[in-house]
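User: I'd like a close look at how the strands pair up in this one, and what sits around them. Take it slowly and keep it informal.

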Amino acid sequence: MVAPTDRKPVVIVDDVHVEYKVLATGKRATAADSSRKLMQRSRRTRSVHALKGVSFTAYENDSIGVIGSNGSGKSTLMRAISGSTPTSQGAIYAASRPSMLGVGAALIKDLSGERNIILGGLALGFTRREMEARLDDIVEFAGLREFINLPMRTYSSGMTARLKFAIATVQDHEILIVDEALAVGDRAFRRRSEARIREIRDNAGTIFLVSHSMQSIRDTCNRVIWINKGTLMMDGDPAEVIDAYQASTG
Ligand SMILES: Nc1ncnc2c1ncn2[C@@H]1O[C@H](COP(=O)(O)OP(=O)(O)OP(=O)(O)O)[C@@H](O)[C@H]1O
């Protein structure tokens, strides 16, 4: 294996903290809340310190599994890396813009799978013609040939997730974040998507895979980080980190 120092650093996470401010009513503070209103309520504001000084460097061709129990901060870390959640302390440096796997927001349930593939592709910046050329491959990958002309609302949650994964991975990503997308597919689809993840990684991509499936992590990742209560417990070889995590959870 190549020593990490010989490879190009792609994402540097430097002492990152994320604190969420939560109103004691249970509502999140939004931009629409005036500052005076928030001040009045400040005594009733609670803060959740979701990440407490996480640091690591991801390199080109790394496929990093992110594991940890529920609420440990995995998704928060991924959102911080993608830039959608601000850090309250520390910094993240990325060689190019990390993309979170997901075209969910662009899709319309009443349209057919086929129409949604075109739509999802447009949202990713492809032209209609480019998507038409890729249509067959995407349908094949998603394994939805018989259903592709039916409205998406008739799909099961697993079928919808497969379609989204197939659309989103049509392009190669330099830095791709996959948060639990594999958990919903069946076994055959999981195998195909894991192979696709390896392919993206081999094309000089860097992948973060958040999953509770240790099998998916073992099959696709060359490195694992374990997040526990907002801190980085361990970072290293998948088998070693997974063993330590599993030993801790009993
Ligand atoms: N938008 C938010 N506002 C307030 N608190 C949040 C928000 N998102 C997450 N949290 C809190 O931050 C902590 C970390 O949550 P996060 O979703 O990052 O954990 P996770 O490791 O991804 O969990 P899971 O495995 O259950 O998906 C939790 O205590 C959670 O309640």
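Analyst: Two strands count as paired here if DSSP finds at least two bridges between them; strands are DSSP runs of E, at least two residues long, and helices are runs of H or I of at least four, each numbered from the N terminus. What you're looking at is a predicted model, where local features need pLDDT of at least 70 and side-chain atom pairs count only at pLDDT 80 or more, while totals for chains, interfaces and linings use all residues. Residue numbers start from 1 along each chain, as its sequence is written.

Let's start with β8. Strand β8 (residues 223-228) pairs with β3 (residues 63-67) in the parallel sense, through 4 bridges. β8 also pairs with β9 (residues 231-236), this time antiparallel and over 5 bridges. A good place to see both pairings is I225: this β8 residue is the bridge partner of V66, and I225 also stands opposite D235 in β9.

Now follow the chain from β8 into β9. The hairpin leaves 2 residues between the strands, and K229 lies in that loop. K229 isn't a glycine, yet its phi is positive, at about 45°. It has 14 C-beta neighbours inside 10 Å, so K229 counts as partly exposed (with C-beta atoms placed from the backbone, 20 or more others within 10 Å makes a residue buried, 12 or fewer makes it exposed, and partly exposed is in between).

There's another residue like that just before β3. N61 is found in the loop between β2 and β3, and its phi is near 70°, again positive without being a glycine. N61 is partly exposed too, with 17 other C-beta atoms within 10 Å.

That loop takes us back to β2, which belongs to an open sheet of 3 strands in the order β2-β1-β4, paired antiparallel. β2 and β4 (89-94) are the edge strands, each pairing on one side only. Direction ignored, neighbouring strands in this sheet are turned by 25° against each other on average (axes being lines fitted to C-alpha atoms). Between β1 and β2 there are 12 antiparallel bridges, and one to look up is V22, whose partner in β2 is R46.

β1 and β2 matter for the next bit of the tour as well. Along with α2 (74-82), β1 (9-23) and β2 (45-59) each supply at least two residues of the shell around the ligand. α2 gives the largest share, 3 residues. There are 13 residues around the ligand, with Y20, A50, N70, S75 and T76 coming nearest (a residue is near if its C-beta, placed from the backbone, lies within 6 Å). By class the shell has 4 nonpolar, 7 polar and 2 charged residues (Ala, Val, Leu, Ile, Met, Phe, Trp, Tyr, Cys and Pro are nonpolar; Asp, Glu, Lys and Arg charged; the others, Gly among them, polar).

One helix to finish. α6 (residues 187-202) has 16 residues and reaches 23 Å from first to last C-alpha, close to the expected 22 Å (1.5 Å times one less than the number of residues). Its buried residues are F189, S193, E194, I197 and R201. Down the axis of α6 these fall within an arc of 135°, so they line one face of the helix (the arc is that of the directions from the axis to the C-beta atoms). On the face turned away from that buried side, α6 carries the exposed A188, A195, E199 and D202.

Terms used:
Axes fitted to C-alpha atoms, helices over the stretch in contact; angles between N-to-C directions.
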